Amino acid sequence: MPQAPSNLLILRLPSDCSRHMYTSILELVNIPLHDFLFAAHDVESHGAGSGGGMDQVAEWMQWRPDWEKESYTEHRDLVLMPVFALVFLSVRFLLDSFIFERLGKLFIFGFSGSCKKRLSETENDADYKTLGKFKESAWKFVYYSTAEVLAIAITYNEPWLTDTKQFWVGPNEQRWPDQKTKLKLKLFYAFTGGFYTYSIFALLFWETRRKDFGVSMSHHIATLFLILISYIARFPRAGSIILALHDASDVFLEIGKLTKYCGSEIVPSIAFVIFALSWVILRLIYFPFYIIWSTSYEVLQVLDKSTAQGPWLYYSLNSLLISLLVLHVYWWILIYRMIVKQVEARGKVSDDVRSDSNSDSDDDSAKETTTDQAAATGAEEEKGEEEEEQKVLDENVKTDIKGVQKWKTCSFKSFKDVDAHAYIPCLDNENYLNHLATRKHYEHRERHCPSEEDLLKCLVPLPAGYKPHIPWPASRNEVWYSNVPYDNLASYKADQNWVKKKSDKLEFPGGGTQFKNGVGQYIEYLERIWPEISWGKHTRVLLDVGCGVASFGGYLFDRNVLAMSFAPKDEHEAQVQMALERGIPAVSAVMGTQRLVFPSNVFDVVHCARCRVPWDADGGLLLLELNRILRPGGLFVWSATPVYQDDEISQKLWKDTIAVTESIAWKMLIRNSDSSTSIGAAIFQKPKDNKLYDSRKEESPPICHDNDNPDAAWYVRMTPCIHRIPTTAHSKWPAEWPMRLNNTPAWLSKSDKGLYGKTAPEDFEADALHWKQVVQKSYLGDLDIDWSTMRNIMDMKADYGGFAAALISQPVWVMNIVPINEPDTLPIIFDRGLIGMYHDWCEPHSTYPRSYDLLHANHLLGSISKTCKLENLLLEMDRILRPDGWAIFRDEVKVLNVVQEIVKSLHWDVKQMNTKKGEEILAVQKRFWRPHAST
């Protein structure tokens, strides 16, 4: 058989194949049929021998396409579009399988750099969903960048690139529609038409279906019809420019999304800015004012109105172009709303305005190309005049009172993965979570609150059969199953004795992954191997990371240790809710990208028992966060498989984690394995001063900048640096418990002004005395509160913690909240041996419904009402307060008059209302009432 020259085109077809489609293709690319040889292939005679069985190719045709050759556009040219659609389908499949998959795994699960994944004991399913989105965006980037390059190459030297009148006249005497089209432009049209044909198929059967599925499908169909009609009507000159305008914006969109999936922050921000600018310039300015102007006005100079075809094409084409413009405006509104929300969020990533019907899907309106680039806009300007404050209060009061009788119970039909009775607004914000660009740093477990306007105005229902909770201390061992109706942990952790389901109760044997002989034995073991831990004396406040059902914290009460337990709301179903139902301090939180909501240098001990936190990842970023909140000289107790197992994976994790502890100058005090359980622990100590930091051979991680406030913790991203230890008395260990409760912190200076106008030490002492008197004379005596049923208490504006300190003799614990707009007294509260956290009461709390028996609000609502709606705050209090629980308000009379109206509409009982010196005390009790259900 003769060999074909390398520059020849060969087409080989089965003998029974229809030649019609190929005839059209050949004529499109200007290859005369008589010069092209179809080689028939007889399958039956294949391999029959050298004498016959296959027809040989009789002739080879050399073909050099003339890209500049012009010819009229014809209907049969469109046969290439489905061919290109099949090509796109095949190419994407190959790229997805062999290139995008590998690149995505490299960048998302990665090995180094900013894209490094935090390793954990179990893979996070969200990473695989992110991988799918990465491949989708990678494909779109390849197409749009290729199409844009082709569009520029084809139109660069054409006169109609800069002069829209040339769409309709030239060259020479040609006038539309009697204009010919160059071969290269014909093929480009077939290329883009094939892509949008493929895109309709992909949107239906391949890609993630989003909330704007209908809009996206309309866009693809309108674009495909534009391509078809403009080609048939001989509009490809204008069409090529339209395609170039649109592809340019999409290139930057996909760049931003790809780099966002990788974990980058700077590149997505830059890409978003370019994307937004290009959208406005190309799609909202150039497209309507140049292109549509030309297709609707300039074309009239050559339009033949005497025929029916001319006006029909004119109106059809322009109707589709205007429809496309309407879609551009719609999408720009989405982008603009997102930008505004980011600015209003003061630096937080705001909720996107789209939602997916499939969780975890991304947002083509540029949501995923954004990060925290929106600058903080600052708090509202304070109004110094008293009459101005009253005016604001009055306006909010009118809003709060209006319609308070219209409560309904939330049914949450639109929430796929949320039980209405366990709803946490800032952790179950599906509209936001569905559009997260990445989840590899557990961003989906962090707070993402709905805006004040989007906050649901309904009451969270009770679980079926809900009962008054079992009192402490019996609740440590058992709770009503109907109150926390989840039993997956009972089977999932059956071999570890976390929790057992028996009849109508959940029982807690005091076991755990690391507590093979019970948590009590484990607590004794830790003190035995390191007596200086001295439970209940030297060690008083402890942070338990990844707490499970918080049995560790529950049994530490026996040792006078107050443990703050936290865990994410994840596949370990309702573990924090179980802890709170048991009467153990706990909150839903995660070590992800943001700082924990605690001040620096406050916890005596941080404990991790198989907490599944990758301490070695990202340069030890999470250990650096523990270093921030751990008291100088404080201990980190780590009980996990890397400590006591010798397998390769465990030892690698141990080695990598030790490298981090050494880099931040932590000292390993002991590494021990308990022979009775084969469980071990390692105890590390944070430096007591800065000498060890300053003597490090390598300054990696570096010391934090002076402007990096270590106590800033509300929506503040973790920083990979070491905060210097204070050189004041603040770095000294407090007195042993219980003396530290009433001791004035040594670092409170007489030169500092306190909350009430005196010096800070004087104010502290006056506050302690005041609350002792109030609690003894009023709360424990006059109010009709059954204190035997009180266990979980929240002081919503804690000041110095005097209220919690006054209750120390009661079998209760108090979560002390310091609002972010109040003076920061939380370090003082921790120094006293109490626990607390920062919070903004303009947003819902991160706790579960029915978490607390008593809510105490001392002069909180008056200040909140100046910036937020009292109605929303009282709705939140209704959510987190248990039925039969109490709320005590102390505020100005004018404020509590409004509160009384709202709580009555909630069917709370007003138990007491006293007025003294302009201050009113309002005591109310929540009941079991729930209204009819509503979505």
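Which residue in E10 does Asp544 stand opposite? In this predicted model, Asp544's partner across the way is Ser565.

**View 1. Strands E9 and E10 run side by side.** Here we zoom in on E9, residues 541-545, and E10, residues 562-567. The two pair in the parallel sense, with five bridges between them. Look for Asp544 and Ser565 of E10, which stand opposite each other.

**View 2. Seven strands make up an open sheet.** Going across, the order is E11-E10-E9-E12-E13-E15-E14, and the pairing is mixed. E11 and E14 (667-674) are the edge strands, each pairing on one side only. Ignoring direction, neighbouring strands are turned by 20° against each other on average.

**View 3. Helices H12 and H14 pack on the sheet.** H12 (residues 519-529) touches E12, E13, E14 and E15, and its direction makes about 130° with that of E14. H14 (residues 575-582) touches E10 and E11, and its direction makes about 155° with that of E11.

**View 4. A look into the second largest cavity.** Searching the whole structure turns up ten cavities of 30 Å³ or more. The second largest has a volume of about 280 Å³. Its lining has 21 residues, and Arg447, Ser588, Ala589, Arg595 and Val597 lie nearest the centre. The lining splits into 13 nonpolar, four polar and four charged residues. E18 gives the most to this lining, with three residues.

**View 5. Helix H5 and what follows.** H5 takes in residues 213-232, 20 in number, and reaches 28 Å from first C-alpha to last, close to the 28 Å expected. After H5 comes Arg234, with a positive phi near 65°.

Note on methods
Residues are numbered from 1 along each chain as its sequence is written. This is a predicted model: local features need pLDDT of at least 70, side-chain atom pairs count only at pLDDT 80 or more; totals for chains, interfaces and linings use all residues. Side-chain values use heavy atoms; hydrogens and water are left out. Helices (H or I, at least four residues) and strands (E, at least two) are DSSP runs, numbered from the N terminus. The expected span of a helix is 1.5 Å times one less than its number of residues. On a 1 Å grid over the protein atoms alone, a cavity is a set of points where a 1.4 Å probe fits but cannot get out, and a pocket is an open set with protein on both sides within 12 Å along at least five of seven lines; lining residues have an atom within 4 Å of a point. Grid points are joined across faces, edges and corners, and a volume is the space filled by probe spheres set on the points. Ala, Val, Leu, Ile, Met, Phe, Trp, Tyr, Cys and Pro count as nonpolar, Asp, Glu, Lys and Arg as charged, and the others, Gly among them, as polar. Two strands pair if DSSP finds at least two bridges between them. Axes are lines fitted to C-alpha atoms, for helices over the stretch in contact, and angles run from 0 to 180 degrees between N-to-C directions. Contact means heavy atoms within 4.5 Å.
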